[in-house]
Structure formats: C-alpha cells, structure tokens
Amino acid sequence: MAGVGSYLKKHTEALVKDVGIEPACELTGKSKATLGRYYSDNDEHADRFMPVDAVAALEEASSYPHVTAALAELKGITLSYDERRRNTANKGGVNQDVIALSQRFALLMAEYNTSIEDGIITVNEAKRLLKETLAIQQVLLDMKLHLEEEQT
C-alpha cells in the first residue's frame, strides 16, 4: 500500500500545482497547509489523502485529470481523454483519418528521435511521447467510428 499511497500523493501534488496553490485553496476551501499534507511524503501524513469532492473540483479546473488517471492506471484501466479543441467539426471521414494518423505517427517518431538522442528518455520527454501516443489513439478511435458509420 505504501507504493500506491506514494503514487497517489505524487499525482495529487501534480493536480494542485496544475491548478495553482491559491486557486486550489479557493476551489476546495482548504488551506495551503492542508493541501500540502495531502501530498506530503512525511510518515506523519502517510494516511492523509485528498477527499474525492476536492479532487473533482480541482480536476474540473485543471488541464488534465491527474488523480483520476493515476487511479485508472493502478487498476489497469485505460482512459480516453479528448483534449482537442477543434475550430470545425471533422467531416472528412476515413480518408481524413488516414492522413491525420500518418501525421500523428510522424510527430510521434520525430518526438521519439529527439528524446532518444542522448540515450535517455527524461520524464518530460516521456510525457510528450505519451501525449502523441494518446493523440494517435484518438485518431484511431475517430477512424473506427467513421468505419462503423460507413457500414450502416
């Protein structure tokens, strides 16, 4: 359980820092000290975790659902998080999806090439690779939906 607790605390800290400490205090009604205890790795705070309603409020304001994603990973669940903000609806169908897939794959390979140049993939490089991988997953999901539409 210690490893799981540490993992959740790390993601809780990422969530608070994503939102910002002052806005996090306002959204949750908690003090800076209380929020700090939720992600502290000190033994005295090992059993303290952020309440679910506070996590929900912060994830609504954050750029990514850090704690929800961490919980899903611990359970072996894959989340589909669509953060795309398109100006127009995607009406291109399968052909457009194939083009988007090849473009995303090229971006992934370029990012991988840059990341592996020094022989070490850093945490930030891994995050960028993950972001591109998730974008490819979304394109494949769009493609699947377009193919299913064409069958009917």
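**A buried histidine, a helical core and a residue in α5**

His45 sits in the loop that runs between α3 (32-39) and α4 (52-61). The model here is a predicted one. Despite its place in a loop, His45 counts as buried, because its relative accessible area is 10% and the cut-off for buried is under 20%. As for what surrounds this side of the loop, His45 makes contact with Lys9, Arg37 and Ser40 once the neighbours within four places in sequence are set aside.

Turning to the nonpolar core, the largest one is made up of 13 residues. Leu15, Val16, Ala24, Leu35, Met50, Val55 and Leu58 are the members with the most contacts inside it. Two or more residues of this core come from each of α1 (2-19), α2 (21-28), α3 and α4. Leu58 gives a good idea of who meets whom: with residues up to four places away in sequence not counted, Leu58 touches Leu15, Val16 and Val19, along with Ala24, Leu27, Thr28 and Met50.

Then there is Ala72, which belongs to helix α5, residues 66-75. Ala72 is buried too, since its relative accessible area comes out at 8%, and under 20% is what buried takes. Leaving out neighbours within four places in sequence, the contacts of Ala72 are with Ile77 and Leu79. Glu22, by comparison, lies 27 Å from Ala72 in space, C-alpha to C-alpha, with the pair 50 residues apart in sequence.

Methods:
Residues numbered from 1 in each chain as written. Predicted model: local features only at pLDDT ≥ 70, side-chain atom pairs only at ≥ 80, totals over all residues. Heavy atoms only, no water. Helix = DSSP H or I, 4+ residues; strand = E, 2+ residues; numbered from the N terminus. Buried < 20%, exposed > 50% of the residue type's maximum accessible area, 1.4 Å probe, protein only. Contact = heavy atoms within 4.5 Å. Core = buried A, V, L, I, M, F, W, Y, C linked by side-chain atoms within 4.5 Å.
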